[in-house]
Amino acid sequence: SFREPCNLIADFDGTLLTVEIFNGDREVLPGNAVKKGDLLISGVVEHRDMSCTYCEARGRITALHTVDYQKKYTKKDFSFVSLEQASARLSLDIFSLKLPLIYCRIPDNTVNMKKEKYLSWNGVELPFGTVEENSYTECALYPDDNISYLVAIDDYTNEYYHKFCNTNIIESKTEVTFEDGCPIFDSSINCIDFMGVKSPINTNFYEN
């Protein structure tokens, strides 16, 4: 099937380790240092008679490069919500008519929970029962710095694993600094990855 002509270019900075050419002209060798956007395999194939043909550049290239990964935490990352009861209301429900037995005004900005209990006879629910409505206010609580730091370490290591579990890591260093009492993780990761993305060829440029 016909494939659009394209070059293969570097998608990150790195040092080339292996270069296998499947289609196109080689532009780099193992050991070369390349920048993002550099041409790796050309889809413009030049012949001895000075003519050119175009193809889809394909190959397998690996490179050693460094990935900088950072995550900053804030106080909000460690907060959790506690519910404190603000009011309670008990009503008698008779044929959907609610008669308050205990009435309290439900404040604004609360979480409301309702519990209904109805009488039954021979397995049939009767339209008689009670409705209990409780409201709770939300309070943000913050653990101490030591617990927050442990939570941050657990979260970061879990995220780090899932992000780089399929990466061939040669060396990794992580530094921890603090800002307003919250940790900042900075990782520098030397790793080996496959390199190369397709870049369409403007055939008109070469033909003119």
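**Exercise 1.** Does serine 187 count as buried or exposed, and at what relative accessibility?

*Solution.* The model is predicted, so local features need pLDDT of at least 70 and side-chain atom pairs count only at pLDDT 80 or more, while totals for chains, interfaces and linings use all residues. Residues are numbered from 1 along each chain as its sequence is written, and side-chain values use heavy atoms, with hydrogens and water left out. Buried means under 20% relative accessible area, exposed over 50%, and partly exposed in between, for a 1.4 Å probe and protein chains only. Serine 187 has 2% relative accessibility and therefore counts as buried.

**Exercise 2.** Place serine 187 in its strand and describe its surroundings.

*Solution.* Begin with the strand, a DSSP run of at least two residues numbered from the N terminus: serine 187 lies in strand E14, residues 182–195. Next, take contacts (heavy atoms within 4.5 Å); leaving out residues up to four places away in sequence, serine 187 touches Val67, Asp68, Tyr69, Tyr156, Tyr160, Lys173 and Thr174. Finally, the side chains of serine 187 and tyrosine 156 are joined by a polar contact of 2.6 Å.

**Exercise 3.** Work out the strand order of the open sheet of 4 strands.

*Solution.* The order is E3-E5-E1-E15, with antiparallel pairing, where two strands pair if DSSP finds at least two bridges between them. Strand E3 (25–26) and strand E15 (197–200) are the edge strands, each pairing on one side only. Between strand E1 (residues 6–9) and E15 there are 4 bridges, and isoleucine 9 stands opposite valine 197 in E15.

Methods: A polar contact is a pair of N or O atoms within 3.5 Å; within protein, one must be able to donate a hydrogen and the other to accept it, and residues adjacent in sequence count only if both atoms are side-chain atoms.
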